[in-house]
Every structure is written in C-alpha cells, then in structure tokens.
Amino acid sequence: MSGRMGLALTGATLLIAAVLLPERAEAQFRLRGGPLGVARFAVGHVIGLSRLRHSRMAVRGGRYRSAALRSQDPRQDSRGAERGQLANPYVLRAALTAQAALSGWRGGRSPQGWWRHPDGSYGWVGPVFWPFAHDDLTNAVVFGDATSLSLYGYGDIYAAIFAPYAVTELAAYTTPQGRRGRRVPTAESLCEASDTGGLPVDRIAAAITPNELQRTALDELASAWANARDTIRAACPAQAPGTAAERLGLMRARLEAMIKAIDAAAPPLAKFTGSLDDDQKARLNAIANERRAALASMQRKDTSKDAQASSACDADSDPRYDEKLQRQYEQLVQQQWPAGDIATTLRLDETARARFEVLQDTTLRTMQTLSACPAEAAATPQARLTAAKARLETMLAAVNGVADALDDFEADLSDEQKAGFEAIGPKRGA
C-alpha cells in the first residue's frame, strides 16, 4: 500500500471509527468517552512528538552497513556540518532499523511493518529486541533525552506475542555470514553495530576541564559505561526465539541486562558528579541542553507537514486534522487482537477463552502503565539514571505479568493449538 493511499484510507478509517469504533473499543480497550474520546485515548498513549519526522520505510538498494547503525549526536555529524545542516539522529535511526527489520520480512518487499514504532523505527529487528539499548541509555542519562526509552511499550509486547516473522524469515538473521554484501544482517552484527556508543568522555572533559582526581573518576565512569555495554550485548539472542514465551523471555533478559548495567554505572557516576563543583555541574548539564537546542533547531528548519503536526501527548490535539495522529491511530488499529481468529482456529473451550481474555486484558493495560509520553528530563545525570531505571523496571514488570498470563493460557493447550497460536502472527502480517 502506498503512503498516499494509506493516508487516505486512514482518514476514511477515522470517519468510520466515529460510528463503529466506540463499541469495539469498549469491548477491546475498555474505553469510554465517545468517538473522539476513544480516538484521542488511542493515540494519546502512542508517542507523537512533532520533532520526530516519520521515516519512510522503504530503503532501496545497497547492502546493509553495520557501521551505519549507530546513534548520532546531531552536533557531531561532519557531513551535515559541511552542508550547514544538522543530522537528525531519530530520522537516521528510523531508516536504518527499518532497513534491517524489513529486509528479512516478507522477502524485503514491504514498505513498512505493522510493529514499527510511531517514529518509524523498530523495537524488534528480526530476533533482536531493543537494538539500540546502550545508546538509548547514554542519550537518556548524559543528554537528557529519554524519547527512545518512551517509545518501547505495548506495541513491542504485542509483537512478542504475535510475531511478525515466520520461522524461515527469522532464520535469515541467524545464519552465518556466507557471502559479501548480504541483504539480511545477522543478529550478532545488529547487536555489535547498534551498541557502539560509549560515554562521550572527550566532550565531557572539554566541558568541565577536570582536575587530575576528576579525570580519574571520569575514566572510571567511562570504564563502567563500557562494561554496561558488554552486559547488554551479552543478552543478545544466540538463536531466534521460536515462541511467544521465548520472545517475552528475551524481552525480560534484555531489560534485566539494562537494569543491571544501570546499577553497575550508578556508583561511579555518583563519585564523578560528586567531585564536581557547582560551575562544573552546570557545564555538564549544559551538554544535555545543547542537544535539545540542536534538535529544536532541526524542527524549526523542517518545513514538512510532519514537523508541523501537533503532539499526541497534547490533550488538545485532534486526530481528525493531524496526519501524524492519524498514522498512529491506524497503527493501533493494526495491533488489535485477532480474538475471533484465535477462538475459531484453536477451537478454545470456555476455560481457554477465559484465560485468553486475561492475557488480552493484561497486555492492553500496559498502554496505561507504559505511557509513551516522556516526562520532562531531570536536571542531573544521577536523577536521569534513576528515572531511566524506573521506566525499565515498569516495563519489566509489565512483561513479567504478560508472560505469566501467557503461561496460564497455554497451560492446557495441545501442541497443535500452540502451533496454531504461533502461526497467527506471521499470517496476519501477510
């Protein structure tokens, strides 16, 4: 489906939703408040920051370059500087993760996948969950930008339950590199390439001009940050998870690794920041302010309609007149539960149906517990570290709750029913 046709159909969907959706939404999302209230709630829990341009999913030609799968600081892109332009790291990430995620899905022929994040990036790239985990922690703690952290939530848990990839498609991500210029990256290369951003030691040192003791503390922090990267990388899947339970288990492992990395980095961060005087602390915090200013500058220079769209986190936003919100609403509609297909295909008895409803309701509640509207960044790196850990712990608790509900649902299913449940995901994406 082309982008224009998809947008036109989205508009039609919204008009139909004004009449049909409230009843369906109340049944599935437990919502009230009339048609517009339903639409607002639907998009309100999916991030829609106006500074993030929606990246087109199709990346034509060329081989996958692992070195390019790196988060960039908009102030550090030399090629953009030569042209007098700043590089938007989120647009870059969206395009690159889309290339990697879609190259192994449906033969790489689809322009977009239903499990994408609202900014166009992907949380599931083949068998890899959260490919930019370490870089996202760096951005959240050092640069005060938790946007990427807030993108992870209901959609990723839903994609773990109803996997977009078939077994043969996932196999393409786990086979060894056998030829030059392969189109589908391996899971190992994804984890290696996307977790390369370490602590910006030189930039921090240039900002605060540390003395000898402070420089030693900064080096200790940099070492701890590198170890955190290795901790997260060690949770990269050695093989593709084949079931919903395994995918939720992988999510749990990645989140636990990120939390462990934060805990290990906390003491050296406290030691380093505690050694700074007030002026140095202000200059350290200015690094985050400069990044936000650079991103805001990109937004002002971007004349696209996406840049002018209002935020889904704004209570006054209206999805009827906002293209970005329409896309996000369409995405949520795509992630409705195929309850009818499951009940029919699996021939569930009353007990199994009741357990399935518990699984569905448990997962849907994560839209509230994992709001995609990021809070205002805390003033200090330590406070931002604490906030990042709290977000990860909330998501881990949500994943554990869904995993428990899934275990209960599958407890009495036959092998044939379990296989039929696993096939729902790839079939619905065809």
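Which residues line the second largest cavity? In this predicted model, a search of the whole structure yields eight cavities of 30 Å³ or more. The second largest cavity has a volume of about 90 Å³, and its lining is made up of V141, V142, L199, I204, L221, W225, L269, F272, L284 and P381. Two or more lining residues come from each of the elements α11 (212–234) and α12 (244–274). By class, the lining comprises ten nonpolar residues, with no polar and no charged residues.

Ten salt bridges were found across the whole structure. In one of them, the side chains of K271 and E220 meet at 2.9 Å, N to O. This pair links distant parts of the chain, as K271 lies in helix α12 and E220 in helix α11, 51 residues apart. K271 counts as partly exposed because its relative accessibility is 47%; E220, at 34%, is also classed as partly exposed. A salt bridge also joins the side chains of D230 and R229 (3.4 Å, N to O). D230 has a relative accessible area of 35% and is therefore partly exposed, while R229 is partly exposed at 22%.

The side chains of D412 and R355 form a further salt bridge, at 2.8 Å from N to O. Distant parts of the chain are linked by this pair: D412 is in the loop between α19 (381–410) and α20 (415–428), and R355 is in helix α17 (residues 350–364), 57 residues away. D412 is exposed, with 61% relative accessibility, whereas R355 is partly exposed at 28%. In addition, D263, K389 and E393 are joined into one network by salt bridges that share partners.

Key. Residues numbered from 1 in each chain as written. Predicted model: local features only at pLDDT ≥ 70, side-chain atom pairs only at ≥ 80, totals over all residues. Heavy atoms only, no water. 1 Å grid on protein atoms, 1.4 Å probe; cavity = no way out; pocket = protein on both sides within 12 Å on 5 of 7 lines; lining within 4 Å. Points joined across faces, edges and corners; volume = space filled by probe spheres on them. Helix = DSSP H or I, 4+ residues; strand = E, 2+ residues; numbered from the N terminus. Nonpolar A, V, L, I, M, F, W, Y, C, P; charged D, E, K, R; others polar. Salt bridge = Lys/Arg side-chain N within 4 Å of Asp/Glu carboxyl O. Buried < 20%, exposed > 50% of the residue type's maximum accessible area, 1.4 Å probe, protein only.
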